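Hi,

Here is the structure I promised to pass on. Have a look at it first, and then read my notes underneath.

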Amino acid sequence: MYKKIKFFNVLLMIFLSANLIANENYFYDNIIINSDVVEASKTKILFKGNVLITSNEMNIEGNQATFLTEESALIILGSPTNIKIFENDKVFNGSANRIEFTDSEKLNLIGNVSIESENRTINGDQITINLNEKLLSKE
């Protein structure tokens with residue numbers, strides 16, 4: 001079972017690279033998704049249990065993640081979902097009920113959102129992070 005999941009993760013990395021790096025979004029470079037269970041269909045790949053998404057620039061932990069193949073969107077759910085973004089010498093820690101990558105430049109944190117960095121905290125119902133410009137917007 002482990003070899004099957006590991007092989008599937010390699011295929012997923014290739015698939016994500018082909019579909020998402022074309023958008024020139026730095027997050028999708030060298031992405032690895034690990035979980036207890038992986039289910040795939042033609043339209044989505046579902047990761048369940050102890051989901052850990054890692055890249056060179058960020059780590060995300062959640063209960064479940066869904067990659068929608070036609071939209072090239074990644075949706076992570078948790079109670080909460082935790083995210084850590086590495087930017088030069090700074091680390092941004094955040095949490096939300098839901099994290100969405102539905103745009104090549106934006107990361108949406110939705111529901112009970114909290115982001116901390118350098119002794120500052122931002123809270124809200126929804127916060128969008130522009131990954132290219134490194135800007136936060138609260139909605």
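Before the layout, one term: helices (H or I, at least four residues) and strands (E, at least two) are DSSP runs, and they are numbered from the N terminus. With that in hand, the order of elements from the N terminus reads α-β-β-β-β-β-β-β-β-β, so you are looking at 1 helix and 9 strands. Do keep in mind that this is a predicted model.

Some overall numbers. The protein has 139 residues, and 40% of them count as buried. Its accessible surface is about 8,000 Å², with carbon and sulfur atoms making up 49% of that. Among contacts with a separation of 6 or more, 32% are between residues 24 or more positions apart.

Now to the stretch I spent my time on, β4 to β6. Which way do β4 and β5 run relative to each other, parallel or antiparallel? They are antiparallel: β4 (residues 58-68) pairs with β5 (residues 73-87) over 9 bridges. One pair to find on screen is Ala65 with its bridge partner in β5, Ile76. The two strands make a hairpin with 4 residues between them, and Ser72 in that turn has a positive phi of about 50 degrees.

β5 also pairs on with β6 (residues 90-101), again antiparallel, through 11 bridges. Here you can look for Asn82, whose bridge partner in β6 is Ser95. β5 and β6 form a hairpin too, with 2 residues between the strands, and Asn88 has a positive phi near 55 degrees there.

Cheers

Terms used. Residues are numbered from 1 along each chain as its sequence is written. This is a predicted model: local features need pLDDT of at least 70, side-chain atom pairs count only at pLDDT 80 or more; totals for chains, interfaces and linings use all residues. Side-chain values use heavy atoms; hydrogens and water are left out. Buried means under 20% relative accessible area, exposed over 50%, partly exposed in between (1.4 Å probe, protein chains only). Contact means heavy atoms within 4.5 Å. Accessible areas come from the Shrake-Rupley method with a 1.4 Å probe; for residues, only the protein chains shown count as cover. Two strands pair if DSSP finds at least two bridges between them.
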